[in-house]
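Student: Hi! Could you walk me through this structure, one question at a time?

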Amino acid sequence: MTSTGRFTLPSEENFAEKTKELADLWGADAIRNSDGTHLDDAVLALGKKIYSAYFPTRAHNEWITLHMDETPQVYLLTNRVLAEGGKADIPLMESFYEEQLKPNRDADPKKYWEVVDRTTGDVVDPACWSLNPETDTVHVAGVTDYHEYTVSFLAYIIWDPVEMYNHLTNDWGDKEHEIPFDIYHDATRGFVMDTFKQWLENNPQVDVVRFTTFFYQFTLLFDEKHREKVVDWFGCSCTVSPKSLDDFEAKYGYRLRPEDFVDGGAYNSAWRVPRKAQRDWIDFLSGFVRENVKIMADMAHAAGKEAMMFLGDQWIGTEPYKDGFDELGLDAVVGSIGDGTTTRMIADIPGVKYTEGRFLPYFFPDTFYEGNDPSIEGLDNWRKARRAILRSPIARMGYGGYLSLAAKFPKFVDTVTHIADEFRDMHERTGGVAAEGELNVAILNCWGKMRSWMAYTVAHALPNKQTYSYYGILEALSGMRVNVRFISFDDVLAGGVADDIDVIITGGPVDTAYSGGDVWADPKLAETLRAWVRGGGALVGVGEPSSLARFQPGRFFQLADVFGVDEERFQTLSVDKYFPPIAEHHFITEDVPTDPETIARANQARRTPLSGCGGGQSGEVGGIDFGEAIANTYPVNENVTLIRADHGQVQLAANEYGKGRGVYISGLPYSAANARLLERILFFASHNEDKYAAWSSSNPECEVAHFPQVGLYCVINNTDQPQTTTVTLGDGTTETFTLPNSGIEWRSAAIPMELH
């Protein structure tokens, strides 16, 4: 029998009868409209809670076409042009999509633009260049031949990037392009607030305003062939205007350069070590955004409606993990769930009454087409999310897109029925509490708490070839029996390591926000972490942890003595390195599969879009995939326990360090075997091997979640094949389970006396 509640159904025009049928089948208690659609009166009359997507800064071309100097703006970087014959002619729009972007010639280019000699890094005197507005070409004179030159210029965003993506994906043809607008301008801000006030009065049937989102789009730029050119889900590039730049200067006492935004072509990726100008701009922008979010949330409440924020689209500046988010008055956050990591990104947000996940696949024609089976993606998405939900529950679930597409696929309809029932059953059994975490694990990087569950990400739930080795750490942790928090290097420098932290994980490629860059030039950081580990702490390094690009004789990893591993940077080639024998048996690798069938299945799983991500498989050793190789790593001495090595480079090593331990991993893409390996690393590093067996599963493809508050535990099968596993309970006894594909089974567990 289908249960009801906790489910939000998308609908659209002229689809009332089928909407009612699917709402009943999926147990929906709320209905929402999707982008570009409206709900019929017959749907509104179903008695469900009504969500309405609301776009504060688009879908009003009648206003913005009269104020085209108040669209959002972005600093763009041209292609590099080689100077010859004492000049360089630089076309502005050569690699940008002219239907999306238009150079801003209204504000003085000499004040707001910049020409840079990229060979020297010098800024060219504005007197030496001129703009031809008819061809949108900058002519630079007095250049140095055979140097490369660029222009960093302001451009208006004249087509909303998300509406443009939806337009191109769904082939909306002649549909009018929606032009975005920037509320930093007084007139447009007044229009936005007045329009919302009127909308609230005109839509009494709406129960929840689903702000999609607020004011500033994450960086999403397209090239002249309509392809994505720059995609950064954390990018603040599309947030500038001459007025905001001038106000920033007045408030902070210095002027931002165009280079502070284009960043040499990196566009301030979250992988870049954050600089003062970048941090200050985030603070400045967030203050403005949050002030106006609060106004709109209060307006929604005054009209008797809930205020829900979609964590996507124009979310930039809201910063849900930045201090003060709980003061905005939002009732809920909803976000797209692509895997366990993005589930936790939504579920862990503080300061709202509830969170909701929008599951995949999205009901768009790129998935729902004849011959495809969307139920495969639906179940895969659910399995990834489920393990995270058990650790940090979301209150509601739903889907997005066009219901008429999904309704054409009966198998998918049945799959969603099953998923929705299982989701509600999890809540009913546990009361919405999280499963018990047995260790406290901290992720250490430059961003800390502000980027909780956002580390190592390029686009939303889409790691790429160079990042999947690190992103897999978060994905493994998202459903693991540990409590996870995010801390920054500044936190450690200011206050040391919190007493309740059992393990710290840090690392990433050299000179990135995740490995730390020049933060390691401050000896206090190494001193603090060394003292903590020697006193009994546990430090796990991934990739190139504690690396400092500036050569320090004899050390590249500044904490090589803790990890027991360093990397040869071709400065100490004259010093021999000796590898101790690989340990034949170790606690960390006890669960590593050795039979060919299991290894083959694990390798096939790693070639899915989540973990393969275009990367090679050269790191696979004995059923474990260490991802992109970190070349030339070596043990610093022969007392290091070498657990895995390949072709003269360390993949996994453990090191005793005073009363504590250090562990080094070259990388760890997500797979069941890799997640199990990481779990064992955490228990070993923290000297908690004796606690490992309780509430564990013998089969890495299955996991156990223990809920002592309600006297229950469950076992989940994270695969699309039947699995058998033996579970060790808290008292040391065992139970054997045979689970169907994607299965879950609940059992009672003894409730501690104090909880009776």
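Tutor: Happy to! This is a predicted model, and a good place to begin is a charged pair: arginine 387 forms a salt bridge with glutamate 703.

Student: How far apart are the closest N and O atoms of arginine 387 and glutamate 703?

Tutor: The rule for a salt bridge asks for a side-chain nitrogen of Lys or Arg within 4 Å of a carboxyl oxygen of Asp or Glu. Arginine 387 and glutamate 703 meet that rule, with their closest N and O atoms at a separation of 2.7 Å.

Student: How many salt bridges does the rule find across the interface of domain 1 and domain 3?

Tutor: Let's place the domains before counting. Domain 1 is made of 7-57 + 184-222 + 273-430, and domain 3 covers 696-748. Five residue pairs are in polar contact across their interface. For salt bridges, the rule finds one.

Student: Which element gives the most residues to the side of domain 1 that touches domain 3?

Tutor: Two elements give two or more residues to that side: helix H11 (374-391) and helix H13 (410-430). With six residues, the top contributor is H11.

Student: Of the residues on the side of domain 1 that touches domain 3, how many are charged?

Tutor: In total, eleven residues of domain 1 are in contact with 16 residues of domain 3. The residues on the domain 1 side include three nonpolar and one polar. The charged ones number seven.

Student: Which three residues supply 44% of the area that domain 1 buries against domain 3?

Tutor: Start with the whole interface: domain 1 and domain 3 bury about 1200 Å² between them, 59% of it on carbon and sulfur atoms. On the domain 1 side, no other three residues supply more than this trio. They are Arg383, Leu390 and Arg429.

Student: What distance separates the centres of domain 1 and domain 3?

Tutor: These two domains are in contact through residues on both sides. Taken over C-alpha atoms, their centres are separated by 32 Å.

Student: Now the whole chain: why is it called as compact as a globular protein of that length?

Tutor: The chain has 19 helices and 37 strands. For 756 residues the globule rule gives 27 Å, and the chain is close to that value, so it counts as compact as a globular protein of that length. The radius of gyration behind this is 27 Å.

Student: Which residue does a cis peptide bond join to leucine 360?

Tutor: Most peptide bonds are trans. Here omega is about 5°, in a cis bond. The partner is found in the loop between strand S17 (354-358) and H11. That partner is proline 361.

Student: And where does serine 546, with its positive phi, lie?

Tutor: Most residues other than glycine have a negative phi. Phi of serine 546 is near 60°. Serine 546 lies in the loop between strand S22 (538-543) and strand S23 (547-552).

Methods: Residues numbered from 1 in each chain as written. Predicted model: local features only at pLDDT ≥ 70, side-chain atom pairs only at ≥ 80, totals over all residues. Heavy atoms only, no water. Domains from an automatic or database assignment. Contact = heavy atoms within 4.5 Å. Buried area = accessible area lost by both parts, 1.4 Å probe. Polar contact = N/O pair within 3.5 Å; in protein donor to acceptor, adjacent residues only side chain to side chain. Helix = DSSP H or I, 4+ residues; strand = E, 2+ residues; numbered from the N terminus. Nonpolar A, V, L, I, M, F, W, Y, C, P; charged D, E, K, R; others polar. Rg over C-alpha atoms; globule rule 2.2 N^0.38 Å.
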